[in-house]
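Me: I'd like to talk through a protein model with you, question by question. Could you take a look at it with me?

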Amino acid sequence: MEHQQHHHGTITKLTITTTMVGLLLLLCLIDTTEAAQGLAVFHLKNTPSACYGNQNEGDMIAGVSDKLWNNGRACGRRYRVRCVGPANLVRNACKTTTAAIIVTVVDYCKACTGDLNLSRGAFSRIANPDAGKVRVAYDPI
């Protein structure tokens, strides 16, 4: 009888240990980083750019302010950007607050009124262009 209890205790300890290891692995997989928050505006002209001159880099692009420029090291960096709310009185500024876009930094925006100066095409995927400026969450990828 004593042998069966010992065996049952070993199985219980093994189950608890396996469960704890599984939970720890799951916690390691959860991304606890929080996206930066700032403002996004849009521009109408995609070229020339500070990073690539007259080369067309497509429409999912952005210029960045001093905050992100880092003396040109921002060129080519990609950001996941999501609209999180209005930055002015325009109703329905965000088209969605759940979907994100991926943009590539191609330009420096010294006089920007936002952290990210998105192409009009990129801006219009997440926000109403009539808003002109929106609050966004963004993180490098």
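The questions and answers below look at a strand and its neighbours, then at the disulfides.

Me: Happy to start with the strand. In β2, which residues point the other way from I61 and G63?

Reply: Do keep in mind that this is a predicted model. Strand β2 covers residues 61–64, and all of them are buried. I61 and G63 point one way from the strand, and the residues pointing the other way are A62 and V64.

Me: Nice. Which residue is the bridge partner of A62 in β5?

Reply: A62 has a partner on β4 as well: β2 and β4 (residues 101–108) run parallel, joined by 4 bridges, and there A62 is bridged to V105. With β5 (residues 116–119), β2 pairs in the antiparallel sense over 3 bridges. In that strand the bridge partner of A62 is L118.

Me: Now the cysteines. How many residues apart in sequence are the parts that C51 and C75 tie together?

Reply: The sulfur atoms of C51 and C75 are 1.9 Å apart, and the two form a disulfide. C51 lies in the loop between β1 (36–43) and β2, while C75 lies in the loop between α2 (66–69) and β3 (78–86), so the pair ties together parts whose separation in sequence is 24 residues.

Me: And is C75 buried, partly exposed or exposed?

Reply: Buried means under 20% relative accessible area and exposed means over 50%. The relative accessible area of C75 is 28%, so C75 is partly exposed.

Me: Let's move to C83 and C94. Is their disulfide left-handed or right-handed?

Reply: C83 and C94 are joined with an S to S distance of 2.0 Å. The pair links distant parts of the chain, with C83 in strand β3 and C94 in the loop between β3 and β4, 11 residues apart. The torsion about their S-S bond is about -75 degrees, so this disulfide is left-handed.

Me: Why does C94 count as buried?

Reply: The cut-off for buried is under 20% relative accessible area. Its partner C83 counts as buried at 0%. C94 counts as buried too, because its relative accessibility is 18%.

Me: One more pair: what is the handedness of the disulfide of C109 and C112?

Reply: C109 and C112 are joined by a disulfide, S to S 1.7 Å, and both cysteines are buried. The torsion about their S-S bond is about 105 degrees, so the disulfide is right-handed.

Me: To finish, what is the pairing of the bonded cysteines in sequence order?

Reply: The structure holds 3 disulfides. With the bonded cysteines of the protein chain numbered in sequence order, the pairing is 1-2, 3-4, 5-6.

Key: Residues numbered from 1 in each chain as written. Predicted model: local features only at pLDDT ≥ 70, side-chain atom pairs only at ≥ 80, totals over all residues. Heavy atoms only, no water. Buried < 20%, exposed > 50% of the residue type's maximum accessible area, 1.4 Å probe, protein only. Helix = DSSP H or I, 4+ residues; strand = E, 2+ residues; numbered from the N terminus. Pairing = 2+ DSSP bridges. Disulfide = S-S within 2.5 Å.
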